[in-house]
Amino acid sequence: SDLARFALRNMALRNMEATRGGAGADVSDVDVEQEVQRRLLHMRAGTPHLSERRFADGAIIEIRGNPMPGGGFVATFTDVTDFRRTEDELKGIAETLEQRVANRTTELAQASAAAQRASRDKTRFLAAVSHDLAQPLNAARLFAHTLTQQLSEGHQRALGSQVEGSLTAAENLLGGLLDISRLDAGGLSPTLAPFAINDLLAPLTAEFRILADEKGLRFRASSCRLWANSDPQLLRRIVQNFLANAVRYTKDGGVLLGVRRRSQTLRIEVWDSGPGIEIADQAIIFEEFRRLRHGGQGLGLGLSIAERLAQLLGHPIDLRSVPGRGSCFAITVPACAPQQIAASAPRDSIGEPILQRILVVDNDASVLAAMHGLLSSWGCDVLAAASPSAAFDLVATHTPALLLLDYHLDFESTGVALLKQLRAKMGDIPAAIITADHSEAIRREVETAGAWLLHKPLRPLALKSLLARLGNR
C-alpha cells in the first residue's frame, strides 16, 4: 500500500542518515527506492530477511524481518554491538592462538631436527673416538696376552691376567657406550635371515669354554641342528652378554648353554651355578649401569644392551633365578625350516692353530708389532706389512695360507679391496678382516667378500679360535 511504501521509505532514509552520520546527512547517492523495493519484495513474498547496520558511533543493529501468519510483516531491531565485539575478540584470539601454535610447531620441528643432528653427531663422534681408542687398546691387549703366556712364575702370570682383565673392562665399557649411542640414534637396524643355530652357538662355545677353563668352571653346550630366523650378529651379542655374565659371576660349578624347541620358536638358555639374583635385583638388573652385589668386573651395560637389542629384534627375553643356586637367562627366537644350502658348522673346540704362514696387514705400527708377537708365540710364521704395497712385496716371494687384514688402511684403501687384489693374484685364500667399526655396512661388505669379521679390540681367544677353525678345515 502507499502507507507501507511511505513507512519503508522513511525507515530506509533514517537508516541511511544514521549510517552516514546522523539526521540531515547527505544520502543523495543512495538509491532509496531500491531499498524500499527490496523490503517490499520480502513483504509481498512473505519471506524473512536478515541484515545488520553499523552506525557511526560503533553501534551494530541487527534487522530481522519475518512474515506474520495472518498477513503483514514484523521487523525487529536488536542491538548486537557487544555480541559482535566479543565475537571479533574471540576471532582475534583464535587467529593469535593459531599463529602461536604454528610458531611453536615450527620451533619444535627445528628443535627435533637439531636433536637428531646432535644425536647423529654424537654417534659419529663416539664411533670415531671408539676407533681411535681401539687401536692402542688392541695393541695393549695383544701385548699383555703375549707377555702373560711367556711368564713362568705364578704371581707374574696373575699380574698379567689382571692387566688383561683391566683392558677387557675398558674395552667392554667403550663397546657398551658405543652400542648404547647407536641404539639411541637409531643406527642399528636388524637384518633378519634364516641360519643354522649351531653356526651362532659353536664359536661362542669355543670362546667361553676357554674362559671357563681358566676359572676352573665346567662349560657344557648342547649341539643344535635347528634353524632360526633372526639377525645372527645382534642375536650373537645378546647370547654373548648372557655367557659373559654367567662366567664372570660364577665362582664354583659350571655354565650350560642350550636350546629348547617350543612349537614354532627356539629358546636359547644360559644356565649358571652362580650366587643367583635377589628378587629386588631382578626388577632392575636390565637397567643401565646396574651392577650385581656379588662383585666382579661388571660395568652394568651388558644386560641393558641385551634387552634393548632383544626389543629391536622383537625377541622376548626372561630371567629365572634362585638366590644361592644360580640363574638362567633366555631369549626366544622364531624357528624356521632348514635351508637347502646349509653353512658348515665350525668346530666347537679351539685347539692349537696349525703352524702356518700368515700375512698381517695393519697401518698401525704398534698393532702390527703386537699381532706379530702374539702369532709368533703360537708358532705361526708371520708376514707383517704396514701397507698394501708392502703386502704385495711379501707375497711375491712368500705364499701365505691365511690373511689377517685391517679394514681401514692408509690413503683411503680398505682391507676388503686389498683382499680382492690378493685373491686375484693368489686364489681363494682364507681371510679375516679386523676393524673397530661396528657399522652394518662394513659387516655386509665383509660378508659379501667371503671373509670373516673380527672387531677391535681383538680378543686373543677369538683370534686363536678362528685360526684353529680355518687352519684345521
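Which residues line the second largest cavity? In this predicted model, numbered from 1 along each chain as its sequence is written, the lining consists of V360, V361, D362, V367, M371, L404, L405, D406 and I434. Local features need pLDDT of at least 70, side-chain atom pairs count only at pLDDT 80 or more, and totals for chains, interfaces and linings use all residues, while side-chain values rest on heavy atoms, with hydrogens and water left out.

A search of the whole structure turned up two cavities of 30 Å³ or more. A cavity here is a set of points, on a 1 Å grid over the protein atoms alone, where a 1.4 Å probe fits but cannot get out, and its lining residues have an atom within 4 Å of a point. Grid points are joined across faces, edges and corners, and the volume is the space filled by probe spheres set on the points. By that reckoning, the second largest cavity holds about 30 Å³. Three elements, β11 (357-361), α9 (365-377) and β13 (402-406), each bring at least two residues to its lining; helices (H or I, at least four residues) and strands (E, at least two) are DSSP runs, numbered from the N terminus. The largest share, three residues, is down to β13. Seven of the lining residues are nonpolar, none is polar and two are charged, where Ala, Val, Leu, Ile, Met, Phe, Trp, Tyr, Cys and Pro count as nonpolar, Asp, Glu, Lys and Arg as charged, and the others, Gly among them, as polar.

On to the chain as a whole. It has 13 helices and 15 strands, and 42% of its 473 residues count as buried, meaning under 20% relative accessible area with a 1.4 Å probe, protein chains only. Of the contacts (heavy atoms within 4.5 Å) with a separation of 6 or more, 67% are between residues 24 or more positions apart.

What about the nonpolar cores, that is, sets of buried Ala, Val, Leu, Ile, Met, Phe, Trp, Tyr and Cys residues joined through side-chain atoms within 4.5 Å? The largest has 41 residues, of which V239, L243, I268 and I331 touch the most other members. Two or more residues each come from α5 (197-214), α6 (232-249), β7 (254-262), β8 (265-272), α8 (302-313) and β10 (326-336), and α6 gives the most, with eight. Leaving aside neighbours within four places in sequence, I331 is in contact with L235, I238, V239, F242, L266, R267, I268, A310, H315, P316 and I317. A second, separate core of 23 residues includes L142, M371, L404 and I434; M371, L404 and I434 also appear in the lining of the second largest cavity.

Helix α6 also carries Q240, which counts as buried at 15% relative accessibility. Beyond residues up to four places away in sequence, Q240 touches L204, E207 and F208. T435, in strand β14 (residues 431-435), is buried too, with a relative accessible area of 1%. Its contacts, again not counting neighbours within four places, are D406, Y407, H408, I442, L453, L454, H455 and K456.

As for strand pairing (at least two DSSP bridges between two strands), β4 (residues 193-196) and β6 (residues 227-230) run antiparallel over four bridges, with A196 partnered by W227 in β6. Strand β6 also pairs with β10, again in the antiparallel sense, over two bridges; here A228 stands opposite A335.

Terms used. 1 Å grid on protein atoms, 1.4 Å probe; cavity = no way out; pocket = protein on both sides within 12 Å on 5 of 7 lines; lining within 4 Å. Buried < 20%, exposed > 50% of the residue type's maximum accessible area, 1.4 Å probe, protein only.
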